[in-house]
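Q: The following exchange takes up the ligand site and one peptide bond of the model shown below.

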Amino acid sequence: MTEHAPRIEVVGNVSAIAERAAAHVIARLHDRQPVTLGLATGATMTPLYARLVAATRAGLISFRTVSSFNLDEYVGLAPQSPGSFHAYMQQHLFRHVDMEAGRAQIPNGSADDIAAEAARYEAQIAAAGGIDLLILGIGANGHIGFNEPGSDFASRTREVRLDEATRIANAINFPDPASVPERAITMGVATILEARSILLVARGPEKAAAIAAAIEGPITAACPASALRLHGNVDILCDEPAAAALTRRPHNNNRRRA
Ligand code: F6R
């Protein structure tokens with residue numbers, strides 16, 4: 001097990017971090033197309049997607065030859081259900097960019113057989129030639145995708161039970177915490193680690209402990225994001241509050257911006 005140091009960049013605030021994350025993705029889209037992206041949902045991603053939409057509208061980038069695979073979806077929610085990640089992605093990205101229909105993949109949480117859906121999703125990622133750039137958020141408990149603490153590093157796309165803390169954190173998109181689904185389908189840790197490059201974005205003080213554990217703590221299933229240190233090509237973008245618990249602040253070739 002070889003440990004690698006992720007490239008860490010600390011940027012000032014929410015707007016700056018979205019700007020940096022968007023610049024990272026835009027550079028990747030300019031670099032080589034076609035490109036296959038892995039995509040996350042959630043509050044951290046919303047301003048990033050807004051910037052990608054603006055860049056598309058300004059003619060700076062195009063999604064015409066982009067394919068994408070989302071990390072996860074709730075089990076039991078129909079795609080058109082407002083709390084679903086299908087609905088989130090339509091609202092914040094897909095509806096506004098020139099992506100070809102059928103190129104944007106999200107696990108089907110309303111499939112009758114979730115295990116079969118998970119196997120189909122894995123096969124689809126493989127058939128696409130894998131993921132070039134996977135964009136991740138991080139849970140306050142250190143989850144990546146919906147790989148909650150305890151997730152095996154060898155795990156692949158599968159059905160999982162969500163931690164209570166995750167359901168509470170995600171209740172904002174539902175009428176009340178009790179209506180947040182208890183289960184989800186998520187890419188596994190091993191699926192995530194197969195992406196050729198990874199960008200993790202973290203913002204806010206509630207992510208500080210998870211970021212410190214992921215970067216400075218032991219590499220352990222208790223903090224799924226610590227698995228990213230087994231990957232040699234990871235960029236981590238944090239705002240100041242999310243970086244606050246790091247004892248070794250980025251320096252030298254790890255750039256730090258005000
Ligand atoms: C969502 C996902 C999650 C989120 C994480 C952070 O598709 O995979 O891992 O990235 O829960 O969510 P926010 O950004 O809402 O704090």
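**Ligand contacts and a cis bond**

A: In this predicted model, an oxygen atom of the ligand lies 2.7 Å from a backbone N or O atom of Gly145.

Q: Why is the pair formed by Gly145 and the ligand called a polar contact?
A: A polar contact is a pair of N or O atoms within 3.5 Å. The ligand atom is an oxygen, its partner is a backbone N or O atom of Gly145, and they are 2.7 Å apart, so the pair qualifies.

Q: What makes the pairs of the ligand with the side chains of Thr41 and Lys207 polar contacts?
A: An N or O atom in the Thr41 side chain is 2.8 Å from an oxygen atom of the ligand, and for the side chain of Lys207 the value is 2.6 Å. Both values are within 3.5 Å, so both pairs are polar contacts. The protein buries 89% of the 410 Å² that the ligand exposes when taken alone.

Q: How do you know that Asp72 and Lys207 are the two charged residues of the shell?
A: The residues around the ligand include Asp72 and Lys207. Asp and Lys count as charged, therefore these residues belong to that class. The shell divides into four nonpolar, six polar and two charged residues.

Q: Which pocket does the ligand occupy?
A: The space taken by the ligand is the largest pocket.

Q: What makes the bond between Gln33 and Pro34 a cis peptide bond?
A: Its omega is about 0°. Most peptide bonds are trans. Pro34 is placed in the loop between helix H1 (14-31) and strand S2 (35-39).

Conventions. Residues numbered from 1 in each chain as written. Predicted model: local features only at pLDDT ≥ 70, side-chain atom pairs only at ≥ 80, totals over all residues. Heavy atoms only, no water. Near = heavy atom within 4 Å. Polar contact = N/O pair within 3.5 Å; in protein donor to acceptor, adjacent residues only side chain to side chain. Areas by Shrake-Rupley, 256 points an atom, 1.4 Å probe, with all protein chains shown as cover. 1 Å grid on protein atoms, 1.4 Å probe; cavity = no way out; pocket = protein on both sides within 12 Å on 5 of 7 lines; lining within 4 Å. Sits in = over half its atoms within 2 Å of the grid points. Helix = DSSP H or I, 4+ residues; strand = E, 2+ residues; numbered from the N terminus.
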